[in-house]
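Colleague: I would like a close look at one part of this model, please: its charged side-chain pairs. Please tell me where they sit and what surrounds them.

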Amino acid sequence: MRPFILCVLLLIKVTPGEACASGQLTESGQCCSLCPAGFEMKVDCGKEDTKCTQCPKGTFSSSEGLGPCLPCAKCPRSVPTVASCSATQDTQCECDDGYFFLGRHALCLPCSKCTPGEGVTRECGPHGDTRCEVCGPGTFSEERFSTKPCQACTQCSDSEVEIRHCMPNADALCMDRKLHILSPTLGGSDAPRLPGVGEGETSSVPGTPRFTPPDDGGSNHILAYVSVLAAVVLGLIFYVAYKCWRSCQQKRALSKARAAELGASPEGEKLQSDSGVFLDSQSLQENQPSKGTKRDSKQDNRLYINLPPHRQEEVERLLQEGGGRGWRQLGAALGYEPEQLDLFGRGEAPAHTLLSNWAPKEGSTLGLLWSALARIERPDVVTAINCPTQGVSLV
């Protein structure tokens with residue numbers, strides 16, 4: 001009986017039309033209060049209303065709620081501070097153009113861009129990432145990667161007719177009401193004619209397109225084009241067949257040479273496999289780092305950030321195209337968490353973002369980078385760091 005009475009009291013206290021922002025009620029049926037910005041909950045709502053306390057130093061709370069205060073972020077090294085942390089606002093850092101500061105992870109991440117049908121309601125900057133919303137009635141956005149708000153739809157004038165309504169991802173289309181479109185039958189006597197226009201005459205009414213039948217030589221031109229296209233396709237087929245035959249010959253010769261050199265060893269069997277890719281053994285040996293090189297790499301205290309820009313671009317390109325052993329595996333070898341790597345992957349150049357974030361850290365030496373690349377089996381990137389013009393030769 002007591003639960004029934006309690007339900008009746010709750011229905012009496014919370015009348016229709018009144019919404020409880022906290023979503024919680026006291027035992028007496030009153031709505032629990034939210035802690036204001038700059039405060040956190042000290043005593044949970046129960047017999048009495050919520051009790052709040054001010055955020056301790058080094059923490060903040062930017063909105064009303066019942067959660068705890070969050071720790072203040074610290075700007076990365078070489079990133080200037082725009083505003084210090086306060087009880088109601090997190091630390092604001094000035095990232096480069098096209099980036100925003102994510103305080104939870106203390107990273108500068110690439111700004112997001114709105115998709116077609118969405119417009120920017122808050123630009124990317126110190127306050128956070130780009131905020132997008134779907135264009136409302138009377139507005140649209142056709143850009144694929146938009147950084148602008150929604151635009152107003154075109155309004156057709158009285159002398160035009162609307163042939164397509166405005167949509168969130170496309171503007172309205174208008175056409176002149178006086179435009180006449182004729183579709184005469186080719187070579188027939190049933191072609192429509194305007195009143196007062198005899199056979200063999202053309203209409204002089206403005207806006208009416210003239211129809212000129214094609215001459216007899218048009219079919220000859222089409223046949224010539226088709227013949228040339230067929231010859232080109234046939235030539236390409238012969239060329240591909242020749243390259244395949246030559247590749248097979250080279251494969252057999254290489255297999256015989258390797259079999260004579262390595263015999264029936266596992267390495268020889270691996271090199272003679274039908275993978276379709278043949279590695280020049282001499283080039284492979286030159287590009288594989290020796291044991292002495294690995295020992296020296298661990299002792300190399302040069303910083304990656306001091307490499308020439310063209311070598312850094314070559315390393316980023318190889319890691320971007322690495323597929324299963326690319327920048328994400330390198331980030332894991334360098335100690336990054338999967339959540340941080342997912343954030344890097346949101347940008348257009350995640351390899352550049354990863355190395356730009358790692359390079360300024362203390363101890364970011366070439367020896368540490370080479371060790372990580374060796375663990376993910378990327379000797380080609382190590383070679384690019386030392387001499388970017390060399391690579392593994394393909395036969």
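Modeller: Happy to help; I will start with the whole chain, go through the pairs one by one, and then follow the last pair into its helix.

A word on the ground rules: this is a predicted model, in which local features need pLDDT of at least 70 and side-chain atom pairs count only at pLDDT 80 or more, while totals for chains, interfaces and linings use all residues. Residues are numbered from 1 along each chain as its sequence is written, and side-chain values use heavy atoms, with hydrogens and water left out.

The chain has 11 helices and 14 strands; these are DSSP runs, H or I of at least four residues for helices and E of at least two for strands, numbered from the N terminus. Of its 395 residues, 25% are buried, where buried is under 20% relative accessible area, exposed is over 50%, and partly exposed is in between (1.4 Å probe, protein chains only).

Now to your pairs. Side chains of opposite charge can pair when their charged atoms come close. I call a pair a salt bridge when a side-chain nitrogen of Lys or Arg is within 4 Å of a carboxyl oxygen of Asp or Glu, and the model has seven of them by that rule. Let me take three, starting with E348 and K113, whose side chains meet at 3.9 Å, N to O. E348 belongs to the loop between α8 (338-344) and α9 (350-358), and K113 to the loop between β8 (107-110) and β9 (118-122), so this bridge ties together parts 235 residues apart in sequence. E348 is exposed at 70% relative accessible area, whereas K113, at 42%, is partly exposed.

The loop between α8 and α9 also holds R346. Its partner is D129, with the closest N and O atoms 3.1 Å apart. D129 lies in the loop between β9 and β10 (131-134), and this pair, too, links distant parts of the chain, 217 residues apart. R346 is partly exposed at 48% relative accessible area, but D129 is buried at 13%.

The third pair, R317 with E314, has its closest N and O atoms 2.7 Å apart. Both residues are in helix α6, three residues apart, and are therefore separated by about one helical turn. R317 has 37% relative accessibility and counts as partly exposed.

What does α6 pack against? Helix α6 (residues 309-320) packs with helix α11 (residues 379-386) at an angle of about 170°, the axes being 9 Å apart. Those axes are lines fitted to C-alpha atoms over the stretch in contact, and angles run from 0 to 180 degrees between N-to-C directions. The angle makes α6 roughly antiparallel to α11, a label for angles over 145 degrees (under 35 is roughly parallel, 65 to 115 roughly perpendicular, and the rest oblique). E314 appears here again: α6 contributes R311, E314, V315, L318 and L319 to the contact, and α11 contributes D380, V381, A384, I385 and N386, contact meaning heavy atoms within 4.5 Å. By class, the residues are six nonpolar, one polar and three charged.

Note on methods. Nonpolar A, V, L, I, M, F, W, Y, C, P; charged D, E, K, R; others polar.
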